[in-house]
Amino acid sequence: MPYFPEDFIFGVATASYQIEGAWNEDGKGESIWDRFAHTPGNIQDGTTGDVACDHYHRFEEDVALLKELGVDAYRFSISWPRIFPEGRGRVNEKGLDFYRSLIGKLQEAGIKPVVTLYHWDLPQKLQDKGGWENQETVEAFAEYARFLFQSFAKEVFLWITHNEPWVVSFVGHYEGRHAPGKRDFKSALQVSRNLLLSHGLAVQAFREEKTLGSIGITLNLTPVHPFSDSEEDILAAKRCDGYFNRWFLDPLFKGEFPEDMLLWYEKKGFALPQLSEEEKSLIAQPIDFLGINYYFRRVVGKGEGAIFEVEFFNPPQSEYTDMGWEIYPEGLYEIVKRVSEEYQPEDIYITENGIALPDQPDSKGRINDQRRIDYLRSHLLALHRAVDEGCPVSGYFVWSLMDNFEWGFGLSKRFGLVYVDYTTLQRIKKASFYWYQKVVKSKRVD
Ligand SMILES: CO[C@H](O)c1c[n+]2c([nH]1)[C@H](O)[C@@H](O)[C@H](O)[C@H]2CO
């Protein structure tokens, strides 16, 4: 039976807009996700995060669930507009009090707080001035980060500057499926550059404030496999690896955007202004860990059209989740090995891994989500292999503690170890909750 190290951190993860609700309560400012979800047609099931899991009012009950689960750490995000309703300037004390109370309850329960500074809910007031395309947002983020480092200087175990800058840049500004819903590749490139600069300024502030804990960033990383061993499919896979993975890994760990991608974008008419030497060292300054969110791999071949000239394939022999994502546990081993060898991060945390299933209570009100147990087990065994081979992985967080608002899919996709009945807001522990409880307690995957 594979045992994880005694000091290995097992946790669960959530995000503010997806669980808190209270979208306009106690002085909170509007976020771009409030605006996006309130705009008809953007959310598949027509729901919003206005109430979500009502965690803002039920956080004590939810911390009790975390304590029962026995996790070592809990990853959550802070809602920027709950702290700075206009993005900068005036502080909303009631918003700050909420997080003070949450962190206090976690400490009482012996659970390490892991804070994501930005999990996509930008203050709408900043978006009204250009959002992440605008240098002002970069500066406002650094002020927001520094304020939080000062406010929680000793209580936080891990600080994550950004959750998935790739999604913020390309899903929010090119694909348009996420807030702010732009479809402009040039904007997406500019946003990716500004997110990296804002990350660098936040790390600088963290060091200057001498904040306790560790600081890093979370990237969504996916192994990319060519559909065939033809030269054009291999090149397509390399382009996709650049687009999905190396576009952020290279600047963060090598101080440069990947040359092949810069050339490809320039050929397609999207020249990105060069980073200055000062900007390169700001972005690539040392961080204490890399967070990796892993869910699936991608299989690609040469395709027509679109900027990348690729076609995606779903191997017919594989199993797929409720999101239509392939279940491919080996991909977690592959990406951890590759990142460890090619980028040598100080430390790695798997900050998200999980599966959406059409969970429903049975006649006795129980939820036997055996497929989620199988998914988590297979991915933990793959991760254990990488740890066993010496990769510097110190923790793993299941996405998610509870079912929540799944962005463009609304409330229709369930990732939780705990089921949420959205009519009563009752929490129901699934079979996977009890399975993971044993893993956390024993540090063993069986
Ligand atoms: C494409 O998978 C991404 O890595 C990814 C998956 N997920 C995420 N990123 C986000 O960080 C979460 O907010 C989502 O709720 C979660 C489940 O969809």
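The legends below describe close-up views of a predicted model.

**View 1. The ligand and the residues around it.** In this predicted model, the ligand is surrounded by 15 residues. Gln18, Glu164, Glu352, Glu406 and Trp407 are the closest of them. Sorted by class, the shell around the ligand holds 7 nonpolar, 5 polar and 3 charged residues.

**View 2. Polar atoms of the protein beside the ligand.** Three side chains are shown here: those of Glu164, Trp407 and Trp399. In the side chain of Glu164, an N or O atom is 2.7 Å from a nitrogen atom of the ligand. Trp407 places a polar side-chain atom 2.9 Å from an oxygen atom of the ligand. For Trp399, the distance from a polar side-chain atom to an oxygen atom of the ligand is 3.2 Å. On its own the ligand would expose 420 Å², and the protein buries 91% of that area.

**View 3. The largest pocket, where the ligand sits.** The ligand is found in the largest pocket, whose volume is about 1,100 Å³. A total of 48 residues line this pocket. Nearest to the centre of the pocket are Trp166, Arg177, Phe296, Arg298 and Trp325. The lining is made up of 27 nonpolar, 13 polar and 8 charged residues.

**View 4. Helices and strands in the lining of the largest pocket.** Two helices and two strands each give two or more residues to the lining of the largest pocket. The helices are H8 (165-175) and H10 (231-254). The strands are S8 (298-302) and S9 (310-313). The element that gives the most to this lining is H8, with 5 residues.

**View 5. The cis peptide bond before Pro180.** Ala179 and Pro180 are joined by a cis peptide bond. Omega for this bond is near 5°. Pro180 belongs to the loop that runs between H8 and helix H9 (185-208). H8 is also the helix that gives 5 residues to the lining of the largest pocket.

**View 6. The cis peptide bond after Trp399.** The bond from Trp399 to Ser400 is cis as well, with omega near 15°. Ser400 is located in the loop between strand S11 (393-399) and strand S12 (418-421). Trp399 is also the residue with a polar side-chain atom 3.2 Å from an oxygen atom of the ligand.

**View 7. The backbone at Trp120.** Trp120 is a residue other than glycine with a positive phi, near 90°. This residue is part of the loop between strand S3 (112-118) and helix H6 (124-127).

Methods:
Residues are numbered from 1 along each chain as its sequence is written. This is a predicted model: local features need pLDDT of at least 70, side-chain atom pairs count only at pLDDT 80 or more; totals for chains, interfaces and linings use all residues. Side-chain values use heavy atoms; hydrogens and water are left out. A residue is near a molecule or strand if one of its heavy atoms lies within 4 Å of it. A polar contact is a pair of N or O atoms within 3.5 Å; within protein, one must be able to donate a hydrogen and the other to accept it, and residues adjacent in sequence count only if both atoms are side-chain atoms. Accessible areas come from the Shrake-Rupley method with a 1.4 Å probe; for residues, only the protein chains shown count as cover. On a 1 Å grid over the protein atoms alone, a cavity is a set of points where a 1.4 Å probe fits but cannot get out, and a pocket is an open set with protein on both sides within 12 Å along at least five of seven lines; lining residues have an atom within 4 Å of a point. A molecule sits in a cavity or pocket if more than half of its atoms lie within 2 Å of its grid points. Ala, Val, Leu, Ile, Met, Phe, Trp, Tyr, Cys and Pro count as nonpolar, Asp, Glu, Lys and Arg as charged, and the others, Gly among them, as polar. Grid points are joined across faces, edges and corners, and a volume is the space filled by probe spheres set on the points. Helices (H or I, at least four residues) and strands (E, at least two) are DSSP runs, numbered from the N terminus.
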